[in-house]
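Please open the model in your viewer, with the sequence panel alongside, and keep a selection tool at hand. The stops below are meant to be taken in order.

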Amino acid sequence: MQPNLEAAELIDERADERIDTSRLEPYLRAHLPGAGGKLSVRQFGGGKANLTYLLRFGQSEFVLRRPPLGPIPPGAHDMRREHRVLSVLHRRYPLAPQSLLLCEDESIVGAVFQILERRHGFVIRDDIPEPFTGQPELNRRIGFALVDALADLHLVPPAAVGLGDLGRPEGYVERQLEGWTRRWQAAQGGPEAAAAEVGMAPVLEWLGRTLPQSGAAALLHNDYRLDNCLLDTADPSRIVAVMDWDMCTQGDPLADLGYVLNYWVEAGDAPEWREIAAMPTWRDGFPSRIEATQRYAERTGFDVGPVGWHQVFAAFKLAVIIQQIYIRWVRGQTQDPRFRSYGRRVLGLAAKARGLVG
């Protein structure tokens, strides 16, 4: 019997992440068309930061997204931004699920949240699941589909979907380095803090010294990778949706390309890189990083010359994101056992960034 990959995405709500529906249910019945039947709630188990739930009202299904528990870094986990983007982007980029409702009343569930349309599919994380293992040609199609979907996003004119004033594309690269450096400093803590600071210091020095000019502005996803894509259960090389848009902005498109290349581990890479990454691109058949970059350049017509800097920056940025998750675990703001080893992953990313610089 083949596994139900779509059903495997859902879990019973984690004890510390349960939603109190006493205020949510009447609110949605009053504001969300289709919220008419009996309400049931399950949680999507794969997310590591924002909390995502499946709401069923009889036969109608919706997705609720809210920020993680505990203090939120300024500008992070921005449900208002995500709603603004997803309420319009689907008109020109069909892989963006439509956001149907934004609730800014934090008394309803304890945070600002949004309601999205439900898309059906499954997610590939650390490895290719059964029954799709051992198919190199399928792997190749999945890899190129991932590149093509990113290129197609970058070809959407922001003004054409009402997002021409999203973010500040001028000086984007400079501000990214400054902003993520501040986040890195603010999230320090845990037993590995001293080693992480020493390990990342030469990377930050190199990034500042070799800073490239910002390229032409495009819509950026800002956390684009395979496990933020929902795939068709019948044909995983068909992307059904791209998820997690709370950091979307305008900026240099090579930032997105460098970010996904940071996850794009090849069979000959150091073994610890595979542990850090969450994309099984080391499996037989997947395009190489060079092939992925060439495919992107051909589809967009963009100059990809400075992508090496963006790949190093992406390793640093990912280290910051993981450190932000880890410090929540250190402070007891989440009990999710997956995050116990994240301090070691931060050290691994610092080593990877140093290796890319070298």
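What follows is a walk through a predicted model, from helix pairs to single residues.

**Helix α6 and its two partners**

Begin by selecting helix α6, residues 254-263, together with helix α8, residues 289-300, and look along the pair: the two pack at an angle of about 155°, with their axes 11 Å apart. Since angles over 145 degrees count as roughly antiparallel, that angle makes α6 roughly antiparallel to α8. The crossing of this pair is right-handed. To see the contact itself, show side chains for Leu254, Leu257 and Leu261 in α6, which meet Arg289, Ala292, Thr293 and Tyr296 in α8. Sorted by class, this contact of α6 with α8 has five nonpolar, one polar and one charged residues.

Keep α6 on display and replace α8 with helix α3, residues 136-154. Here α3 and α6 pack at an angle of about 165°, and their axes are 10 Å apart, which makes α3 roughly antiparallel to α6. The crossing of α3 and α6 is right-handed. On the α3 side, select Leu146, Leu150, Leu153 and His154, and on the α6 side Asp256, Leu257 and Val260, which they meet. By class, the contact of α3 with α6 has five nonpolar, one polar and one charged residues. Leu257 is worth leaving highlighted, for it appears in the contact with α8 and also in the contact with α3.

**Arg289, at the α8 contact**

Return to α8 and centre the view on Arg289, which is found in that helix. Is this residue buried or exposed? At 17% relative accessibility, Arg289 counts as buried, because the cut-off for that class is under 20%. Leaving aside neighbours within four places in sequence, the residues in contact with Arg289 are Leu261, Trp264, Val265, Glu266, Asp269, Trp273 and Gln311.

**Asn139, in α3**

Move next to Asn139, which is found in helix α3 and, at 5% relative accessibility, counts as buried. Its contacts, again apart from neighbours within four places in sequence, are Ile128, Arg283, Asp284, Gly285, Phe286 and Pro287. If you draw a distance from the C-alpha atom of Asn139 to that of Pro236, 97 residues apart along the chain, it should read 8.8 Å.

**Helices α10 and α4**

Now select helix α10, residues 342-357, whose 16 residues should span 22 Å at 1.5 Å a residue, and whose end C-alpha atoms are 23 Å apart, which agrees. Colour its buried residues, namely Tyr342, Gly343, Arg345, Val346, Gly348, Leu349, Ala350, Lys352 and Ala353. What covers them includes α4, α5, α6, α7 and α9, and these helices can be added to the display one by one.

From that set, isolate α4, residues 172-186, which has 15 residues and reaches 21 Å from its first C-alpha to its last, close to the 21 Å expected at 1.5 Å a residue. The buried residues of α4 include Trp180 and Trp184, as well as Gln176 and Arg183. As for what surrounds them, the buried residues of α4 pack against α5, β7, β10, α6, α9 and α10.

**Backbone details**

For the next stops, hide the side chains and inspect the backbone. Most residues other than glycine have a negative phi, and most peptide bonds are trans. Against that background, select the peptide bond from Glu130 to Pro131, which is cis, with omega near 10°; Pro131 has its place in the loop between β6 and α3.

Then go to Asn222, which has a positive phi of about 80° although it is not a glycine. Asn222 is found in the loop between β7 and β8, and at 6% relative accessibility it counts as buried. Asp244 also has a positive phi, of about 65°, although it is not a glycine. Look for Asp244 in the loop between β9 and β10, where this residue is buried, with a relative accessible area of 19%.

**Last stop: Arg274**

Finish at Arg274, which lies in helix α7 and, at 37% relative accessibility, counts as partly exposed. Leaving aside neighbours within four places in sequence, Arg274 is in contact with Val265, Ala267 and Trp282. A distance drawn between the C-alpha atoms of Arg274 and Ile72, 202 residues apart along the chain, should give 29 Å.

Conventions. Residues are numbered from 1 along each chain as its sequence is written. This is a predicted model: local features need pLDDT of at least 70, side-chain atom pairs count only at pLDDT 80 or more; totals for chains, interfaces and linings use all residues. Side-chain values use heavy atoms; hydrogens and water are left out. Axes are lines fitted to C-alpha atoms, for helices over the stretch in contact, and angles run from 0 to 180 degrees between N-to-C directions. Helices (H or I, at least four residues) and strands (E, at least two) are DSSP runs, numbered from the N terminus. Angles under 35 degrees count as roughly parallel, over 145 as roughly antiparallel, 65 to 115 as roughly perpendicular and the rest as oblique. A crossing is left-handed if the near helix is turned anticlockwise from the far one by less than a right angle, and right-handed if clockwise. Contact means heavy atoms within 4.5 Å. Ala, Val, Leu, Ile, Met, Phe, Trp, Tyr, Cys and Pro count as nonpolar, Asp, Glu, Lys and Arg as charged, and the others, Gly among them, as polar. The expected span of a helix is 1.5 Å times one less than its number of residues. Buried means under 20% relative accessible area, exposed over 50%, partly exposed in between (1.4 Å probe, protein chains only).
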